[in-house]
Amino acid sequence: MNNTRKIFDCYVLPTYSRFDITLERGEGSYVWDSTGKRYLDMGAGIAVCALGHAHPEIAETIAEQSRRLIHVSNLYYNEWQGKLAQKLVELIGPGRIFFCNSGVEANEGLFKLARRFGNSSIPKENATSARSEIITAFGSFHGRTLAGIAATGQEKIKKGFDPPVAGFKHVPFNDLEAMREVITENTAAILIEPIQGESGITVASAEYLRGLRELCNERRILLLFDEVQAGHFRTGAFHSWQRGLNVDTAAGRASNEPKKRVASFTFLPDAISMAKSLGNGFPIGAFWVNEKYADLLGPGSHASTYGGTPLACAVALKVLEIIERDQLAKNATELGDFLKTELQKLHDKFPDVISEIRGSGLMIGIQFSSDAPAFNKGDDSPAVQIIKRLHERGMLAVPAAGYVVRLLPPLNLKRSEAEEAIAIIANVVHSIADQH
Ligand SMILES: *Cc1c(COP(=O)(O)O)cnc(C)c1O
């Protein structure tokens with residue numbers, strides 16, 4: 001056991017079951033461990049390092065901005081927060097941005113927005129109490145605070161933390177009728193991930209997204225999207241709902257004329273949470289609120305000490321600038337299609353091992369077969385067993401629930417690296433097929 005692991009075992013809370021790998025440095029799509037072994041990083045954190053590791057321009061931006069101004073409080077204005085907010089609004093649609101530091105905090109903002117909406121929007125004549133309920137989907141993941149686990153539609157994440165934060169209900173994902181049936185007088189909002197990540201990469205259908213919008217309009221409730229994992233050009237569009245609906249957006253286009261583009265929006269949600277790759281690993285979270293509801297969270301209603309700090313915003317602006325300049329949205333689409341095609345071929349060849357390939361752009365789930373006999377009954381989930389085989393062969397990927405392995409590589413992945421990933425995965429699939 002190496003020394004770092006010994007220190008962890010004594011001093012770090014054991015909330016994570018970690019792989020026995022100590023990472024020391026990275027460069028582009030590769031990381032090296034403490035023994036000098038190199039891994040192709042097809043997880044990029046968990047969809048965090050959109051530009052890979054040790055990107056020279058990001059390192060330079062961090063150094064330069066920290067020599068100038070790292071932090072000022074939100075009692076004052078700072079240029080970078082304003083510019084980043086403007087940029088995000090251009091990429092999404094007319095609205096406003098609140099900055100925080102993580103995904104769950106961004107979701108917490110959506111919950112508070114929904115509560116404010118519910119507190120203020122009941123028609124006076126039949127008002128009994130504020131509307132407060134938020135409906136989410138089974139299999140969802142919305143973060144680990146008390147409200148985050150209440151919103152998350154997975155029992156194992158809630159377990160042992162009773163009493164739960166009140167006001168959350170779950171229904172099956174991609175099932176519009178189930179959603180319609182559960183809405184009551186007390187419902188304030190619906191929250192979904194347009195692509196569910198943690199539970200194994202499940203893409204919302206375009207009909208579902210459109211149906212939810214209509215349903216929310218009909219029942220006068222908010223439609224909230226969690227784009228923390230799927231967002232920020234991972235699917236080829238800025239957000240995955242834009243890719244799913246084929247909405248004409250600024251993806252890949254640089255323009256300073258948001259007004260012109262606004263006319264092309266036929267669909268907008270009411271609020272969206274963001275984090276993960278927004279800062280390429282520098283902590284930043286944000287949520288966008290539709291212009292219609294921009295007044296709900298007024299002065300004094302919400303705050304964050306670190307939110308929208310000059311350093312975080314300068315980094316996020318640079319990330320978006322590089323993604324546009326280097327046409328990484330296009331790269332995500334093309335290499336995503338390449339990976340999916342090659343994985344599909346593997347599936348066709350070994351249907352007893354791989355049961356399905358799902359996802360969009362560089363957010364791909366490989367569903368392994370639940371009855372592949374190679375999986376032993378030990379402590380490790382089948383996904384973890386696959387991941388360990390990938391590690392042996394020099395590749396990192398992220399396990400999801402059950403039998404799913406996720407690929408969430410950097411958006412500037414190279415074609416040769418995608419080919420390398422396929423070769424390693426094929427090697428693992430062969431090793432499992434041989435055990436049949
Ligand atoms: C990771 C994730 C979160 C939580 O983000 P944190 O930064 O860990 O708080 C929330 N929602 C989704 C969809 C996620 O993937």
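This passage describes the surroundings of one histidine, the nonpolar cores and one helix pair in a predicted model. Local features require pLDDT of at least 70 and side-chain atom pairs count only at pLDDT 80 or more, whereas totals for chains, interfaces and linings use all residues. Residues are numbered from 1 along each chain as its sequence is written, and side-chain values use heavy atoms, with hydrogens and water left out.

His53 lies in the loop between α2 (44-47) and α3 (56-68), helices being DSSP runs of H or I of at least four residues, numbered from the N terminus. The relative accessibility of His53 is 17%, so His53 counts as buried (under 20% relative accessible area, 1.4 Å probe, protein chains only). Not counting residues up to four places away in sequence, His53 touches Gly26, Glu27, Gly28, Tyr30, Val31 and Asp41 (heavy atoms within 4.5 Å).

The largest nonpolar core (buried Ala, Val, Leu, Ile, Met, Phe, Trp, Tyr and Cys residues joined through side-chain atoms within 4.5 Å) has 99 residues, of which Leu88, Ile190, Ile192, Trp241, Leu390 and Met395 touch the most other members. Helix α12 (residues 310-325) supplies the largest share of this core, 11 residues. Another core, of 22 residues, lies apart from it and includes Leu110, Leu113, Ala189 and Val289.

Leu390 also takes part in a helix contact, formed by Ile386, Arg389 and Leu390 of α14 with Ile424, Ile425, Val428, Ser431 and Ile432 of α15. Beyond four places in sequence, the residues touched by Leu390 are Met395, Ala397, Val405, Ile424, Ile425 and Val428.

Methods
Helix = DSSP H or I, 4+ residues; strand = E, 2+ residues; numbered from the N terminus. Buried < 20%, exposed > 50% of the residue type's maximum accessible area, 1.4 Å probe, protein only.
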